[in-house]
Every structure is written in structure tokens, then in C-alpha cells.
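Colleague: Could you take me closely through the salt bridges of this model, and say where the partners sit and how exposed they are?

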Amino acid sequence: MQYLFCRVSKIRIVYKTMDEAELPPEQIIDQADIPPDMSIAPPVEGAFGQYMREYRLLNSLLFSLFILVGAFAALWNIVVYVAAAGEGSSDFSDAGTAPAEQQQEKQKVVKLMQRQQKSQPSTQQQFRTTAVSDISLPDLNELDVKDLAPVVEAAAPTMAQVGMNNDQMKKAMAGIGLSLPKTMQQRCDPKKRMARLRSGGGKEITENAIIKGLTWLKNTQDSDGGWGDKDKTPEGAKPRYGKDSHKQSMTGMALLAYLGHCELQDSPQFGPTVQKAIDFLTSFSPDKMTGSNNSGAYAHGIRTYALCEAYTMTKIPKLKEYAKRAALFTIKGQNENGGWAYGFGKGPVAHTDLSVTGWCIQGLKAAALTGIPIEGLDESMDKAIAYVKKCQDSAGRFSYKMTGHGGQSGQGSLTGTGVLSLQIWKNAKSAEAKKGLAWIQTNVSESKAQKDWSKINVYGWYYHAQACFQATGAGGANFWRAWNKDFQQIVTKAQSEDGHWPHGYHFHGDTDLYRTTMTILMLEVYYRYMPSNKV
């Protein structure tokens, strides 16, 4: 580099630095040619340039720090956006569950997922039961219950009862719902369960009462895993029914109550209770009636119901054989007229009635939902529905026996039994079902006399609640609105402090266990089975 000088005055030279290659040779002045009386002015430098030159190290550090801060801010915004998006679509973002409880619940659902994934067939199965689709009921989204809100003053349940936040549930429950029949999928996902409770007009008091009742059952379970040794009638005496048949009936009812809340053998709070109940039921032959003729018939229908539903939900291998054998025994025990009699008697003189028949129909419905091929199931259910229709009187009520065959006029307590039986097998929209529902609405739902627990027939309400709820899937939401208006308040208010329900209006077979299990099951109606829209 050389300096190019331009004289601007007699005493001062201003210069620029240039590359020699950019100047003609005649304009380049050698430093030796500079007169001694001339002074060389230093390069002109601005304040900013001087600052950058003197603090270039500090400036480099500051620039690097600025880049790092910018990168960190960008990453932080991405994280916050993703988290906000996940919570925005969830009802569980503020569940506030303790970490230990979250971990327990996550382990529970992961184990359920693993069991049910193992049970999935590697190839598509062909079932001999062709009418299973008739009771494969619609998902929640197919049920229009938006018009329930105006008649139900229901505070939204809190999510603290759920036990897991939504992000964890989405991961842990992935794939489980597909392993269960559509009608049962809502009960196992806490988010769907609470959403169903709310959309059906349910309140937090209902969910609390269910948990309280399940806790009472846990505390009263017998040492052998069954229920019944400590049971009492309304008079405080031991039940007069056969011990074996009564224990099987009550154990089946208790197990159904736990399964209705998706409490399985590895549930954190009730797992051991459920496992002991399953062990007790499988300690008896599934195709042999126990107890007397009448109590044994009831016991087998309830036991079949529980065994089949337990297999569907837990996929415990040994339950598959027990469920199938119990269902086949029920089918073989059907009377020629389509119903079921005491002792599963045959012929026209057998004591066939709608009460025993109702439990057998529920048991076979649960058998159909297992997906197990069961020979004769469809034909048996078709015959049973024909029998049920013959039990209805002209007013819409259903009687204990077939009308015109030694039966009497219809009974209010059995009307729900008849309607529910029709709903779960091809006849949800039948004229008989609609007529029965109209009778329930007029004489029970809207009756001022049916507002006090002392006047409540729990056996009848167990069926009425399910029948009115199932009607919402067949265009009968008005029946559920009328039923649900006072239903929860009456039932939950009557619950004792220890969790069981006291004696109300007398019904045949009334005991503390029978009454409490049926009450828990009727409260679980909001999510236990989804409504049917099949004719």
C-alpha cells in the first residue's frame, strides 16, 4: 500500500489509502519525494469506527450473546405454543392430581392396554352369532343430548376425580377403546366418562356417590372374595335364600358395579377387591346351577352377566371358557315358550316369569358382546324377545307372567325390565318399547309420589333408569329428560354415611347388598352402556 497525497493547503496534506493497482503510475508519489517541510495528516476516523476498533473484542462477545438470547427466545416460544395447544383442547389441563396418583393411574391403563392388545386376533375372526351388530351401539357423538340441559340444573363435575391429566391419558389409552365394544368404550377413559356424565345431565354428587358405594362394597367383601356372609335384610336378619346362590348373585352384582366404573384387577384403589371377586366366581362350575330352583335361576343369570362382562373388559384367559360355558348353560335352560323358569324348568307347567328372564337376557347380551362364538345365542334371544312382548298388557305395563297364560295385569316394577329387554335386542323402536316408556314417564318419572326414597322400589328403578336412558338413542330423549330431572337428587340424598343405601320401598329379595349394588349400577347409567339406535 502507498499513500496518495493531494495538497489542499500550504501546511496540511489530506490522504486516502488506495491499492496501487487502482492509480496510474504518474499519480503515485514515493514517500522519499515528500518535502521535509510537509506534515502528514492521519486518516480521518469517525466516532463509531473508533469505538468498533478499540472495543472489537467486547463487541464480538455482545454480538454472540445477542444471537444466543434470540435463539433461546425462539425455542421458548415454540415450547409454550405446543403446550398451550395441548391444554386448549382438554378438559383435564387443571386436574391437579398428585404425581403419585397420576403414576398409579397411568400404570393401570397401560396394563389394560397391554392385556387387550394381546387379546387382539392376528387374523379376522368370523362369528357364528350374526346379530351381534344389533347391539353394537353407537359412540357418544351419535347421541344428541344437547336438549337435556334446560331441564337439568347440573353443576359440571370437577376433574379432580379423574386421576390423570389429559396428555397422559391420551398416550396411555391409545388403542384400548378399539378393544372394547362401542357401547362400553365410554366407561374406561376418564375424559369420556366425565364428558358422558355431563352431557347426560350428570352431576358431581353422582360420581362421588358411586365411589362412596364402591368403597362400602370393598369394606364388606368376605374373606373368600365373595359377598353375602355379612348381608342383612331390611329387618336386620340374614337372608333366607340359599347361601351359595345368594353369594354368587351378590358377588356378580358387586363385580358388575366395579366393572361399570372400569375398576379392573389392577386398579389402584379396588384392584385386589376385583381380583378376589373374579376368583370367587370362577371357583364354581359355570354350567351347574347352585341353590334352590328359584334363587339358583336368578344366580345363574347374574353370574353369566358378570363373567361375560369381566372377560370382555379384563381379557383374563380363563374367563373366556367360563363365560362361554355359562352362556351355553343359559341357552340350554330356556323354556320352550322363550322365557326362563325357576330351576330352568321345561314344559308349560314350569314357573316361567319375566323377572328371571330379564336377568338371563342381560347375561346373554353380555355374552354377545364378548365376541366369543356361542352356538344358538341369536335364536335364543329372538325367542326371549317374543316372550317378553307377550308379557305386556294393554296399558303398556309388563307383567310377571305372559298375559292370558295365568298371568296378571302388568306391574310397574317390571315395566322397565320389559322395555330394557326389547332395547338391547333389535326392538329399541318397537311399539311395545314406546308404550312401556310412556307408562314409565306418566306413572313414575312425573309422579309426585315417587320423590321420596321410602317410596322407591329399587328393583324397578334399576330397570327404569336404564330404559329411559337407552331411549335417547331411539328418538326418545324426552323420556330421559323427565326421568333425570329429580333422579340424582333423590338417590344420592338417600345414601348412608358409610356408603350403602338403606331400605326404601319393599321389593322381593331386598338386602343391603342387593339394594346398594343395583343403586350403584343405576347411577352408572350415564356412561356404562351407550344408547341403542337399532330397531
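Modeller: A search of the whole structure, which is a predicted model, finds 13 salt bridges, and I will go through three of them with some care. Let me begin with aspartate 224 and lysine 247, whose side chains meet in a salt bridge of 2.7 Å, N to O. This pair links distant parts of the chain, since aspartate 224 belongs to the loop between α6 and α7 while lysine 247 belongs to helix α7, 23 residues apart. The two partners have contrasting surroundings: aspartate 224 counts as partly exposed at 39% relative accessibility, whereas lysine 247 has a relative accessible area of 4% and is buried, because buried means under 20%. Nor does the pair stand by itself, for Asp222, Asp224, Asp229, Lys230 and Lys247 are linked in a network of salt bridges.

Helix α7, which holds lysine 247, also appears in the packing of another helix. The buried residues of α8 pack against α7 (243–260), and likewise against α6 (204–220), α9 (293–314) and α10 (317–332). Helix α8 itself covers residues 271–281, and its buried residues are Gly271, Thr273, Val274, Ala277, Ile278, Phe280 and Leu281.

Further along the chain, the side chains of aspartate 382 and lysine 426 meet in a salt bridge of 3.0 Å, N to O. Aspartate 382 lies in helix α12 (residues 377–389) and lysine 426 in the loop between α13 (412–423) and α14 (431–445), so the pair ties together parts that are 44 residues apart in sequence. Here aspartate 382 is partly exposed, with a relative accessible area of 35%, and lysine 426 also counts as partly exposed, at 26% relative accessibility.

The third pair is aspartate 486 with lysine 451, a salt bridge in which the closest N and O atoms are 2.7 Å apart. Again distant parts of the chain are linked, with aspartate 486 in helix α16 (residues 477–494) and lysine 451 in the loop between α14 and α15 (458–470), 35 residues apart. Aspartate 486 is partly exposed, its relative accessible area being 29%, and lysine 451, at 33% relative accessibility, counts as partly exposed as well.

To return to the first pair, lysine 247 is buried although its partner, aspartate 224, is partly exposed; for the pair of aspartate 382 and lysine 426, by contrast, aspartate 382 is partly exposed and so, too, is lysine 426.

Conventions: Residues are numbered from 1 along each chain as its sequence is written. This is a predicted model: local features need pLDDT of at least 70, side-chain atom pairs count only at pLDDT 80 or more; totals for chains, interfaces and linings use all residues. Side-chain values use heavy atoms; hydrogens and water are left out. Buried means under 20% relative accessible area, exposed over 50%, partly exposed in between (1.4 Å probe, protein chains only). Helices (H or I, at least four residues) and strands (E, at least two) are DSSP runs, numbered from the N terminus. Contact means heavy atoms within 4.5 Å. A salt bridge is a side-chain nitrogen of Lys or Arg within 4 Å of a carboxyl oxygen of Asp or Glu.
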